[in-house]
Amino acid sequence: MKTKNIFITLIGLSVMGLAPISQAEMDSSIARGGLLYDKWFAVIGAAKPKDTHPAWPASNTKKKGNATHRCKSCHGWDLKGKDGAYASGSYKTGIKGLRNFAGGSKAKVIAAMKDSTHGYSGKMSAKDFDDLANFVTQGQVDMDKIIDSKSKLVKGGNADRGAAYYNTVCAGCHGADGKLPKEMPALGGLSHKNPWEVVHKIQNGQPDEPMPAMQAFDLQVTTDILAHLQDLPRK
Ligand code: HEC
Ligand code: HEC
């Protein structure tokens with residue numbers, strides 16, 4: 001085989017997920033997949049979809065337009081769909097969660113995204129689908145382990161450690177009291193209202209913003225940060 005062909009074969013294999021990739025590549029891929037799961041069109045700089053996604057149920061008239069194209073809107077920040085935080089409220093859809101894909105088949109996740117229900121074929125690149133599938137199969141957080149779903153309070157977080165992480169990593173952008181930038185809700189309030197979203201953002205970052213992703217660190221770091229956020233002023 002010519003060198004060029006070997007090269008192309010290697011790229012092909014890695015895109016298909018057959019070639020083993022390093023932990024460093026995996027963590028970056030998962031975090032980028034998490035960002036795409038959050039708001040793929042912002043991550044890849046595509047135009048905001050204007051229509052309502054065809055799989056969005058007519059029974060939910062509270063949301064329409066681009067929000068209905070985000071994976072998280074149908075499957076949840078907790079990836080539990082109808083069995084999780086979106087069992088009720090403005091994102092209630094009755095759509096199933098993706099928890100059973102944790103540790104599961106990447107090929108099935110990629111096939112689902114390209115099926116007629118989803119219709120993402122041609123809207124994202126092979127790399128985007130690969131990162132999304134890595135997130136869904138390898139990057140899911142078992143939210144029930146770190147958040148009490150009834151009280152929404154963090155479980156097993158060390159707020160002192162969290163304050164040290166927050167003050168050194170986050171405060172430069174979000175302020176010591178979590179009230180910056182002004183356009184977004186205070187982190188104290190958000191961490192009580194939607195701790196699942198906050199965990200997802202800490203782990204994977206914020207689409208189209210230079211916010212770091214803590215994906216490569218132990219989940220305990222994110223848990224500790226959440227504990228500190230829940231101690232911050234809510235408004
Ligand atoms: C507008 C709502 C909607 C959005 C947005 C959406 N999905 Fe789905 N998804 C569904 C529905 C409905 C099903 C169930 C389809 C079925 O059971 O046939 C589903 C099922 C799945 C499945 C499981 C398929 C199976 O074999 O069980 C996967 C994996 C999946 N979605 C991934 C994603 C990913 C990743 C994204 C974002 C890129 C996404 N979905 C965005 C509605 C949505
Ligand atoms: C380089 C600056 C920067 C750093 C560092 C940073 N962020 Fe962010 N973060 C942002 C920006 C910008 C946004 C989007 C703000 C907006 O939507 O107006 C954001 C959004 C968020 C959101 C989502 C808020 C929402 O309503 O969508 C959360 C949660 C968050 N950050 C938490 C954190 C935590 C916790 C840390 C530390 C681990 C951190 N951020 C570090 C810049 C940063």
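Okay, let's start with a small detail: leucine 79 sits in the loop between α3 and α4. Helices here are DSSP runs of H or I with at least four residues, and strands are E runs of at least two, numbered from the N terminus. Leucine 79 isn't a glycine, yet its phi is positive, about 55°.

Quick word on what we're looking at. This is a predicted model, where local features need pLDDT of at least 70 and side-chain atom pairs count only at pLDDT 80 or more, while totals for chains, interfaces and linings use all residues. Residues are numbered from 1 along each chain as its sequence is written, chains are lettered from A and ligands numbered from 1 in the order in which they are written, and side-chain values use heavy atoms, with hydrogens and water left out.

Now, ligand 1. Which protein atoms coordinate its iron atom? They are NE2 of His75 and NE2 of His118, at 1.9 to 2.0 Å. A donor here is an N, O or S atom within 2.8 Å of the metal (3.2 Å for Na, K and Ca), and water is not among the atoms, so sites may look incomplete. Histidine 75 is in helix α3, residues 71-75, and histidine 118 is in the loop between α4 (106-114) and α5 (126-138), so the pair, 43 residues apart, links distant parts of the chain.

The six donor atoms at this iron make angles of 89 to 180°, and the site is octahedral. For six donors, that label asks for opposite donors over 155 degrees apart and all others between 65 and 115. Ideal values for six octahedral donors are 90 or 180 degrees.

Around ligand 1 there are 17 residues, and Cys71, Cys74, His75, Lys96 and His118 come nearest. Being near means having a heavy atom within 4 Å. There's a polar contact (a pair of N or O atoms within 3.5 Å) at lysine 96, whose side-chain N or O atom is 2.5 Å from an oxygen atom of ligand 1. The elements giving two or more residues to this shell are α3 and α4, and α3 has the largest share, with three.

On to ligand 2. Its space is the largest pocket. Here His174 (NE2) and Met211 (SD) are the protein donors of the iron atom, 1.9 to 2.2 Å away. Again the pair links distant parts of the chain: histidine 174 belongs to helix α7, and methionine 211 to the loop between α9 and α10 (219-229), 37 residues apart. Why is this arrangement octahedral? Because the six donor atoms subtend angles of 86 to 178°.

The shell has 19 residues, with Val169, Cys170, Cys173, His174 and Met211 coming nearest. α7 (159-174), α8 (187-193) and α9 (195-204) each give at least two of them, and α7 has the largest share, four. By type, the shell splits into 13 nonpolar, two polar and four charged residues.

One last oddity: leucine 180 and proline 181 are joined by a cis peptide bond, with omega about -20°. Proline 181 is in the loop between α7 and α8.

Methods
1 Å grid on protein atoms, 1.4 Å probe; cavity = no way out; pocket = protein on both sides within 12 Å on 5 of 7 lines; lining within 4 Å. Sits in = over half its atoms within 2 Å of the grid points. Nonpolar A, V, L, I, M, F, W, Y, C, P; charged D, E, K, R; others polar. Tetrahedral: all angles 85-135°; square planar, octahedral: opposite > 155°, others 65-115°. Polar contact = N/O pair within 3.5 Å; in protein donor to acceptor, adjacent residues only side chain to side chain.
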